[in-house]
Amino acid sequence: MSEQEIVGWKYEAGHLDKKTLHLVAMATHLAAGNGYCAKWRVKHAREAGASDAEIKETIGMAVRAGASVIYQEAIDNFPDDLTPPRRN
């Protein structure tokens, strides 16, 4: 089964611009607890024109959606200039 068919319908790739694709994928990886891939997506989002503000907003949206697990992944895996301060 292809990834397009997993949810029971087939989608067509290519409708999202590259910056949006990488930002959404970054948030999805964070939600799944995959900081390594999320960090990789930051690199590609930047190459596609994402600003630090857009990356931070996307991290914030992912944090609100998934709370503590995502927050910790962001702190552990992203550069200091893109993450909120560590809570003690």
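## A salt bridge between Arg46 and Asp52

Arg46 and Asp52 join their side chains in a salt bridge, with N and O 3.0 Å apart. This comes from a predicted model. Arg46 is partly exposed, at 34% relative accessibility. Asp52 is also partly exposed, at 33%.

How many salt bridges does the structure hold? There are three. The others follow here.

## Two further salt bridges

Glu54 pairs with Lys19. Their closest N and O atoms are 2.8 Å apart. Glu54 belongs to helix H3 and Lys19 to helix H1, so this salt bridge ties together parts that lie 35 residues apart in sequence. Glu54 has a relative accessible area of 27%, which makes it partly exposed. Lys19 has 23% and is partly exposed too.

Lys43 forms a salt bridge with Glu47. Here the closest N and O atoms are 2.9 Å apart. Both residues sit in helix H2, four residues apart, so about one helical turn separates them. Lys43 is partly exposed, with a relative accessible area of 45%. Glu47 counts as exposed, because its relative accessibility is 56% and the cut-off for exposed is over 50%.

## The overall fold

What is the chain built from, helices or strands? It has four helices and zero strands. Along the sequence the pattern reads α-α-α-α.

The chain has 88 residues, and 31% of them are buried. Its exposed surface is about 6000 Å². Carbon and sulfur atoms supply 55% of that area. Contacts also span the sequence: of those between residues at least 6 apart, 54% join residues at least 24 apart.

## The nonpolar core

In soluble globular proteins, nonpolar side chains tend to be buried together. In this model, the largest nonpolar core has twelve residues. They are Leu23, Met26, Ala27, Leu30, Ala38, Val42, Ala45, Ala50, Ile55, Ile59, Ala62 and Phe78. Helices H1, H2 (35-47) and H3 each supply at least two of them. Which helix gives the largest share? H1 does, with four residues.

## Ala38, a core residue in H2

Ala38 is a member of that core and lies in helix H2. Is Ala38 buried or exposed? It is buried, because its relative accessibility is 0% and buried means under 20%.

Beyond its neighbours within four places in sequence, Ala38 is in contact with Met26, His29, Leu30 and Phe78. Of these, Met26, Leu30 and Phe78 belong to the core as well. His22 offers another reference point for Ala38. The two are 16 residues apart in sequence, and their C-alpha atoms are 8.9 Å apart.

## Thr58 and Glu57 in H3

Thr58 is in helix H3, which covers residues 52-66. Thr58 counts as buried, at 14% relative accessibility. What does the side chain of Thr58 reach? It reaches the backbone oxygen of Glu54, at 2.8 Å. Glu54 is also the salt-bridge partner of Lys19.

With neighbours within four places in sequence set aside, Thr58 is in contact with Leu23, Met26 and Ala27. Leu23, Met26 and Ala27 are among the core residues.

Glu57 is in H3 too. Glu57 counts as exposed, at 54% relative accessibility, whereas Thr58 is buried. The C-alpha atoms of Glu57 and Leu23 are separated by 9.7 Å. Along the chain, Glu57 and Leu23 are 34 residues apart.

## A nonpolar patch on the surface

Which residues form a nonpolar patch on the surface? They are Leu16, Leu21 and Val24. Together they have about 250 Å² of accessible area.

Leu16 sits in the segment before helix H1, which spans residues 18-31. Leu16 is partly exposed, at 48% relative accessibility.

How values were computed
Residues are numbered from 1 along each chain as its sequence is written. This is a predicted model: local features need pLDDT of at least 70, side-chain atom pairs count only at pLDDT 80 or more; totals for chains, interfaces and linings use all residues. Side-chain values use heavy atoms; hydrogens and water are left out. Helices (H or I, at least four residues) and strands (E, at least two) are DSSP runs, numbered from the N terminus. Buried means under 20% relative accessible area, exposed over 50%, partly exposed in between (1.4 Å probe, protein chains only). A polar contact is a pair of N or O atoms within 3.5 Å; within protein, one must be able to donate a hydrogen and the other to accept it, and residues adjacent in sequence count only if both atoms are side-chain atoms. Contact means heavy atoms within 4.5 Å. Patches are made of residues with over 30% relative accessible area and no salt bridge: like charges are joined within 9 Å, nonpolar side chains (Val, Leu, Ile, Met, Phe, Trp, Tyr) within 5 Å. Accessible areas come from the Shrake-Rupley method with a 1.4 Å probe; for residues, only the protein chains shown count as cover. A salt bridge is a side-chain nitrogen of Lys or Arg within 4 Å of a carboxyl oxygen of Asp or Glu. A nonpolar core is a set of buried Ala, Val, Leu, Ile, Met, Phe, Trp, Tyr and Cys residues joined through side-chain atoms within 4.5 Å.
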